[in-house]
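Reader: Please walk me through this model. I want to know what stands behind each label.

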Number of protein chains: 2
Amino acid sequence: MSSDIFKIEKKIKGRLGRAGVIKTSHGEIHTPAFIAVGTQATVKSLSPEQIKSAGIEAVLANTYHLYLKPGHKIIQKAGGLHKFMNWSGPTMTDSGGFQVFSLGADYDKKIGKIIGKKAGEIDDKKSDKTAVSLVKIDEEGVDFKSVVDGSSHRFTPEKSIEIQNYIGADSIFAFDECPPADASYEYQKTSLERTLRWATRCLDKHRELKVKSEKSKVKSPQSLFGIVQGGRIEELRRLSAKETTKMDFDGFGIGGSFNKNDIGTAVRWVNEELPEEKPRHLLGIGEPADIIGAIENGCDTFDCVVPTRMARNGALWTRRGRINILNSKYKNDFKPIEKDCGCYTCQNYTRAYISHLFRSKEMFSATLASIHNLAFLAKLVREARGAILDGKFQEFKGKIIHDL
Amino acid sequence: MSSDIFKIEKKIKGRLGRAGVIKTSHGEIHTPAFIAVGTQATVKSLSPEQIKSAGIEAVLANTYHLYLKPGHKIIQKAGGLHKFMNWSGPTMTDSGGFQVFSLGADYDKKIGKIIGKKAGEIDDKKSDKTAVSLVKIDEEGVDFKSVVDGSSHRFTPEKSIEIQNYIGADSIFAFDECPPADASYEYQKTSLERTLRWATRCLDKHRELKVKSEKSKVKSPQSLFGIVQGGRIEELRRLSAKETTKMDFDGFGIGGSFNKNDIGTAVRWVNEELPEEKPRHLLGIGEPADIIGAIENGCDTFDCVVPTRMARNGALWTRRGRINILNSKYKNDFKPIEKDCGCYTCQNYTRAYISHLFRSKEMFSATLASIHNLAFLAKLVREARGAILDGKFQEFKGKIIHDL
């Protein structure tokens, strides 16, 4: 089975999971694959060479942040995201939807009082009652305040696609609402139906820009992924997936909130509905055990800030669980983070040194820790891929899952 | 002319300056050379590979900081400084003297009130009157408070040499007092004479440890540099240099305060007295024009936090002067920092991108900026070296000095 951009190489017997290859004009992504997050057109503390050396093939940047800083037009003038950030491999951008809603609320919690509460703008009644949201949704789009300076902005599905077109990543996402985890069934359904209407508008705008860009021959083609929402409710997840499938997307993103103990099941609901031949990206999930569960249930790619954010806090993954390098016992530990890890950090530095860098608040601590956590995830999914290709996924999963 | 560790290749006609090679058991330093400062066993924000790619051959770490964190014994257990920080090239450590005095006063200014003023401990009456110094000097050594936690410590010449022996750099420095720039003639003379007595004790301790280490065959030999003080006073500079020359040091460090507009002259006083065949390190000087002046007047190596500290603040060196990348005009500037610069940063990134990283407070900004400033200095001294070898130093200096 294959689409224009995706080829399935082998499936897990009796499961939805598969190994494959996503083709982009900046190279291939061998799936399952973990995509590193480069929010502001940089994977925090890492050079592109360090990202690649960790075994990472693709980077996802955040549209919301790049729109605010430096501005999508500057990135276009620079020759697009790849050239701007010196990353020659495949790239993605998200739609900005998630940040508009999550950072909108967050911004308000932090400095809402300074700029004055605007009760009239409250719309999302399901969000945290202690915060007065500065995000206002209507059928056409969303008004929000910048997390940078509180200035007013408006995103619509068309605007998001246009911004992502300027930024120029290989794969982009449709603009969606990401309702809070505790939103009511009614609100989630309303939101989901609006997101479906927005999906159509994203596709229309995408086609319009595609025609333009084919005429000008300036750009590499972008693939557009539709987004499946529906939270933790099976009916809504299946509805969202079915309806999104009817539209002509190149692939699908699975967004929203999940039951923390069982992401695999919600992912299965969705992937049972999605067409097999198109790639599926699970948005914002990065815990090793969650990724293994999602791979088994048919997801191809993953992105998350967790590995690099945890790394910057000194939390390092090993096949025997997570260690906190700030624990005093590591001051005198001259072993690498993980014995059998082939990453740059483990090949060249001891726990004692990394512990010293963290205790001394040295920036290089973030670099070494981020390389390790990214390499850990990259290796994990690469091994999962190998196991699928060898027809041994269940064996692989059984061996590793309890220690993750 | 040559010593055990230094070979002069060519001298500047009619001047004290020269090009040469310092040999260490971790490779050669081609002089004149700029040594990057890795205070806490890391050059801030850079990997060893990035440091090398900037054209830097050697790293200087700070004994004071490493003694406090992680502790010199941990570095010894790790196999010494090189192995601990994964730097395979030549290394130096300073004696800790400069930090004991400067950070002692600084610590007090910041949090002296919290731990209570201890008037009885005031000794250095020439220091800033608004600060109550927590540094107490006597003939034997110095009591000081840790900049980390305010705990009490004592350095003696013997202790400094012992700590530096544990750390295991290729070249180490004698323990000296570095009096404040505005100290009186009398105080500077008293201090200088004590530093000379300390120098003898450092040499004695160094010999004792050398015999031990030769017996155990565990370590590479360390070379010990004596330190010349004397501030801005010619008589004291010459006296210090003459007396230090009489002792059996492997090389010399020139420390203390200088007249900002004319470092070259003070350096000349010293180098006219020092033996030609031994290497001379100018401590803590990193401004491009100062380095050129000091090269002409006989200094071989330099270290300073300035290039990397300035880089972290967005101040970038070019052959046409310094630019501040945070200036808004660089937001839209898609040229490299410097057109003809071959450094990793200039080969791969634009001013617009680096400006974006600084504005977004991204850690990678420090990495890219530090690589450029180090590469700038490394190239400058490499060109100075080439000009000396070609017999064209004055021509080279004439061409570049006004734009630096």
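**Labels and what backs them**

Author: Start with a pair in chain B: strand 8 (residues 142–145) and strand 9 (residues 152–155) of chain B pair in the antiparallel sense over 4 bridges. This is a predicted model, where local features need pLDDT of at least 70, side-chain atom pairs count only at pLDDT 80 or more, and totals for chains, interfaces and linings use all residues. Residues are numbered from 1 along each chain as its sequence is written, while chains are lettered from A and ligands numbered from 1 in the order in which they are written.

Reader: What makes strand 8 and strand 9 of chain B a pair?

Author: The rule asks DSSP to find at least two bridges between two strands. Strand 8 and strand 9 of chain B have 4 bridges, so they pair under that rule. Strands here are DSSP runs of E with at least two residues, helices are runs of H or I with at least four, and both are numbered from the N terminus. Within the pair, B:Lys145 stands opposite B:Ser152.

Reader: What lies between strand 8 and strand 9 of chain B?

Author: They form a hairpin with 6 residues between them. B:Gly150 in the turn has a positive phi of about 80°.

Reader: In chain A, which strands of the sheet 7-8-9 are called edge strands, and why?

Author: The sheet is open, with 3 strands and antiparallel pairing. Strand 7 (136–137) and strand 9 (152–155) of chain A are the edges: each pairs on one side only. Strand 7 of chain A meets strand 8 (residues 142–145) of chain A over 2 bridges, in the antiparallel sense. There, A:Ile137 stands opposite A:Val142.

Reader: What makes the other set of strands in chain A a barrel?

Author: Its 8 strands close, in the order 4-5-6-10-11-12-13-14, with parallel pairing. The twist averages 30° from one strand to the next. One of the joins is between strand 6 (residues 91–93) and strand 10 (residues 171–173) of chain A, which run parallel with 2 bridges. A:Met92 stands opposite A:Ser171 in that join. Helix 8 (residues 234–245) of chain A packs on the sheet, touching strand 11 (223–228) and strand 12 (251–254) of chain A. The direction of helix 8 makes about 155° with that of strand 11 of chain A. Axes are lines fitted to C-alpha atoms, for helices over the stretch in contact, and angles run from 0 to 180 degrees between N-to-C directions.

Reader: Why is helix 9 of chain B called largely enclosed?

Author: A residue is buried if 20 or more other C-beta atoms, placed from the backbone, lie within 10 Å of its own; it is exposed if 12 or fewer do, and partly exposed in between. In helix 9 (residues 263–273) of chain B, 8 of the 11 residues are buried, so the helix is largely enclosed by the rest of the structure. Among them are B:Trp269, B:Arg268 and B:Asn271. The cover includes strand 11 (223–228), helix 8 (234–245) and helix 10 (288–296) of chain B.

Reader: How do you know whether A:Arg194 is buried or exposed?

Author: A:Arg194 has 17 C-beta neighbours inside 10 Å, so it counts as partly exposed. It lies in helix 7 (residues 185–216) of chain A. A:Arg194 touches A:Glu139 and A:Glu177, not counting residues up to four places away in sequence. Contact means that the C-beta atoms of two residues, placed from the backbone, lie within 7 Å.

Reader: How many residues of chain B are in contact with chain A, and of what classes?

Author: 32 residues of chain B are in contact with 32 residues of chain A. The largest share of the chain B side, 5 residues, comes from helix 13 of chain B. By class, that side has 15 nonpolar, 11 polar and 6 charged residues. Nonpolar covers Ala, Val, Leu, Ile, Met, Phe, Trp, Tyr, Cys and Pro; charged covers Asp, Glu, Lys and Arg; the others, Gly among them, are polar.

Reader: Why is the relation between the chains called a two-fold axis?

Author: A turn of 180° and a shift of 0.0 Å along the axis lay chain B on chain A with an RMSD of 0.0 Å. That is the relation of a two-fold axis. Copies are superposed by least squares on the C-alpha atoms of residues with pLDDT of at least 70 in both. Also, 100% of the interface residues of chain B are interface residues in chain A, so the copies meet through the same surface.
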